[in-house]
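Reader: I would like a close look at a single part of this model, beginning at one turn of the backbone and working outward from there. Please take your time over it, and say what each term means as you go.

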Amino acid sequence: MQYLLKRSGALVVTLWIAITVNYALPRLMPGNPVETMFARYQGKVSPTAIHAMELDFGLNTKTGELGQYVDYLRHLASGNLGVSFSYFPAHVSTLIGETLPWTLGLVGFATILAFLLGTGLGMFAAWRRGSAGWKRGSITDSALVPFGLMLGALPSFWISLILLYFVAFKFGWFPVGGGVATGVGLLTLSGFGSLIHHAALPAITLTLISMGLWILLMRNNMLTVLGEDYVKFARAKGLRDRSVAVHYAARNAVLPIFAQLALALGIVVGGQVFIEIVFSYPGIGFLLLNAVENQDYPLIQGIFLIFTVTLLLANFAADALYVLFDPRVRVGARQ
Amino acid sequence: MNWREFRHNRRAMTGASILGVFVVVALLAPVIVPYSPTAIRFTPNLLPDGAHWLGTTVNGQDIFSEVLWGTRASLFVGFLCASLISLIQLVMGVFAGYVGGLFDTVATAVTNVFLVLPSLPLLIILAAYLQGGSVFVLIAVIVVTGWAWGAKVLRAQAITLRERPFVQAARISGESRWHIVMTHIVPNMLGIIVSNFFGAALFAVLAEAGLEFIGLGNINDVTWGTMLYWAQEGNAIFLGEWVWLLVPGLCLALVGTSLGLLNFAVDEIANPRLRRLA
Amino acid sequence: MSALLEIRDLTVGYGWRFPPAVTAVRNVSLTVNAGEIVGVAGESGCGKSTLAFAATGLLDAPGRVVSGSICYDGTEMSTLSREELRRLHLESVSMVFQASMNVLNPVMRIGAQFRDAMAAHGVSSKQEARRRAEEAFDLVKVPRRFLDAYPHQLSGGMRQRAVIALALVMRPKLLVLDEPTTALDVVVERAILQSLDELRHELGFGVIFITHDLSLLVEIADRIAIMYAGRIIEEAPARELYDHPKHPYTIALMGAFPPLQGERQRLSGIPGQPPDMKDLPPGCSYAPRCPHFMPGTCDVIDPPEVVIDERRRVLCHLFQPHESTRV
């Protein structure tokens, strides 16, 4: 419990730092893009509207730097992330709200699938090698490692392009882009089916590229665990192989994964941005690209903030789950 | 780091060989390209044939020449970024871990801040804010986003080594801190440091290509990433020019895999538990 | 009545080729009978752990039995199927390792680790398993409530006792202990050894006790075998080994630790190093360090196993059969 409290404290601090960095970033860049942007709108929008936008964006030059920062924090607390330049007058929070569910669905599904497949394969490979007997090493393991490495080295945008070309364009099995067929209501059955159909290729791609890391991580963890005394002793007790593999080896091999989750999530987030771009999938990564191309700073800032906060929360959740799974942390020291 | 073990490790040698081929190509590119990679005088959108082994792009450039030339950019950026990242990690990770105290506290705080920010979005945003452009901007951005995680790992290892008797003995005998780090700590962590180097190179190569693909690099440069950018712009998919799509990315994947193999193999050599039983 | 365990001419090596690159155990013969404690002593690397693992069928690749036989109650181990070998563990022979922090599964409660062991050997009722586990804990004098604890919550001594309890829960006939008390302080060590001795009398199992601590063995073992470079170079009843060591190595070992009482003695170490097991010289492995080295004999011919009487044997050129004095 104490551990969780400490981690919560750390989470709050880190959140604050992330928010502050996010705030400071565009203001630190050369040429102060923020103010340059407003120059674009001169003459197109009425001065009162510009002033309102400036306030929204926290650019009220009357109150000075610290005042702007405080305003920014206040806006944040009320969920106001400013107004987008390129989708004017849509609010950033609205735009994010529309696209985030698409991304979360895709990422959530693909991550879970990649995790299950990857750790399963990694465990299997390590177990086969551990029980290799007189062979120098099992073929499964020797093949799986380069396979995992290759998966991790595939540029996500490239694989997306290749799959898009061959599977979607040439063979026509999947649509060539978009999140759902136009004009179809999402809540209908055919709408849902269309959703899945459109999400299939992005999901497959994302799963493929994130699987590699899980395979390697789990394999390495498993191999380390298999060398531990308790596995040997489990065998000495006459337990069946399956028992040893699952209850003694795998259960312990999974624990370090929680700490390695941060790395995996970083890869997933990166891959997902490119995948959305190539497949024109209406998620937050696609939105980011548009924001970048249009130099839409409020939108960029808002998206970045969401990315950061989500990752932080995910890491925190992983930490909390770790406490649940490792009795050494949960139950405490000797009696 | 044991050279003999490296030579006998199949994965290391495979990775080194693949990478070696690309290095040779990069060095010899000016000599072996059949045409100038930037020349746009050829008939556009040709499929592979005798004169153009991989066909031509929508702008009339020879794809094969472009691919050969693109090796230079990827390897240059990859290794330069990896070197810079390793240098930063040496200071912020190894040195900070060893000396402890205020320097370490500050360094760790900075590292944690960078760890909090998601790499790829940050990469994109920084490149966008700085208006992309030259390759040096890309290098700077990649280095800034890529050093943090490895630094944390190196710092943890340095802290472990700090407690070893031979290090403490050196400390008592009055050697300077940098001297101790370079002669005692680093040689004993060489495995992880080298492994990190290859990992950083992998990140750099893919990050550079990714940014160029979105158009944040200099789109007039000839690199594998910009090739894919132009392929996307030129609607290669709809024109059925799959070779244009396939080859630059395949090269990226091969270079990436070789770096991954090296990263993995060095890690294996340094960590006996993971080694093959041979 | 056949011996509990009879090892005959066992050779064990490590490596992928045949013959293996390193021979860790060479032509070792050892017999253990019910109710007796046989000690195996030797320096690090002499092969005693390899012997233990091979004898219990727990040898992992690249280790392998090259030649020789291992018989449990008359049954040759190599003839057993995988399932039979699995059942052998814990029911017939139990192995106890040094109770490092990690010898028990850190994420399972101790009681659960008893339960799964028993379930693998036919005890499927939870209540029955619990009863037996509690009984076992009583035997080793660990409070029953620790069955619900996690391994990290126990002290080193208690953990070792818990492991011994686990080893005994199916009432095996033979217990193989590999450095069970090395990491514990002497007070705890003594208490555990005392419990072990009592249990041995009460339950009648045989014990192989492996350690580098010869002084310990002299106190608790019935018979002691000394290993050097993969071979048993001397075997004798404990007291006789202490009073009248024959092999030069044994004599040197005896001189290396002081008695608790009596006059102060000058301690002697043994000059030199044990041989490299990958590159064994011909003849006697101890020859380079032996004060009685006979050139032309000791470095050329393998030393013969001299049976001095039905309970003593020694591997040395200095002795002839049926003589208890040196040549």
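**A hairpin and its surroundings in chain C**

Author: In the hairpin formed by E9(C) and E10(C), two residues lie between the strands, and one residue, C:Ala229, takes a positive phi near 50 degrees. The model is a predicted one, in which local features need pLDDT of at least 70 and side-chain atom pairs count only at pLDDT 80 or more, while totals for chains, interfaces and linings use all residues. Residues are numbered from 1 along each chain as its sequence is written, chains are lettered from A and ligands numbered from 1 in the order in which they are written, and side-chain values use heavy atoms, with hydrogens and water left out.

The two strands of the hairpin are E9, residues 223-228, and E10, residues 231-237, with C:Ala229 in the loop between them; strands (E, at least two residues) and helices (H or I, at least four) are DSSP runs numbered from the N terminus. The phi of C:Ala229 is positive although the residue is not a glycine. Is C:Ala229 buried or exposed? Its relative accessible area is 5%, so C:Ala229 is buried, where buried means under 20%, exposed over 50% and partly exposed in between, with a 1.4 Å probe and protein chains only.

E9(C) and E10(C) are held together by six bridges in the antiparallel sense, and two strands are said to pair if DSSP finds at least two bridges between them. Within this ladder, C:Ile226 stands opposite C:Glu234 in E10(C). E10(C) is mostly covered, since seven of its seven residues are buried. E10(C) also has two antiparallel bridges to strand E12 of chain C, residues 312-315, where C:Arg313 is the bridge partner of C:Glu235.

Ahead of the hairpin in the sequence there is a parallel arrangement to follow. Strand E7 of chain C, residues 174-178, has five of its five residues buried, so the strand is largely enclosed by the rest of the structure. Its side chains divide between two directions: C:Leu174, C:Val176 and C:Asp178 point one way, C:Leu175 and C:Leu177 point the other way, and all are buried. One partner of E7(C) is strand E6 of chain C, residues 93-96, joined in the parallel sense over four bridges, with C:Ser94 bridged to C:Leu175. Another partner is strand E8 of chain C, residues 206-211, which runs parallel to E7(C) and is joined by five bridges, including the one between C:Val176 and C:Ile208. With helix H6 of chain C, residues 186-203, the strands E7(C) and E8(C) make a right-handed β-α-β unit; right-handed here means that, with the strands pointing away from the viewer, the path from the first strand over the helix to the second runs clockwise.

Chain C offers another positive phi to set beside that of C:Ala229. C:Asp73 has a phi near 50 degrees and is likewise a residue other than glycine. C:Asp73 sits in the loop between strand E4, residues 63-72, and strand E5, residues 75-76. At 40% relative accessibility, C:Asp73 counts as partly exposed, whereas C:Ala229 is buried. The two strands beside C:Asp73 belong to an open antiparallel sheet of four, in the order E2-E1-E4-E5 (chain C). Strand E2, residues 22-32, and E5 are its edge strands, each pairing on one side only. Further in, strand E1 of chain C, residues 5-14, runs antiparallel to E4(C) and is joined to it by eight bridges, with C:Gly13 opposite C:Arg64.

These strands of chain C have no counterpart in the other two chains described here, for chain A comes to 14 helices and zero strands and chain B to twelve helices and zero strands. Of the 335 residues of chain A, 50% count as buried, and in chain B, with 278 residues, the buried share is 53%. The C-alpha trace of chain B spans about 75 × 50 × 30 Å along its principal axes. One of its helices, H10(B), covers residues 190-214 and reaches 36 Å from its first C-alpha to its last. Of the 25 residues of H10(B), 20 are buried, so this helix is largely enclosed by the rest of the structure. After H10(B) comes B:Gly215, with a positive phi near 95 degrees.

Note on methods: Expected span 1.5 Å × (residues − 1).
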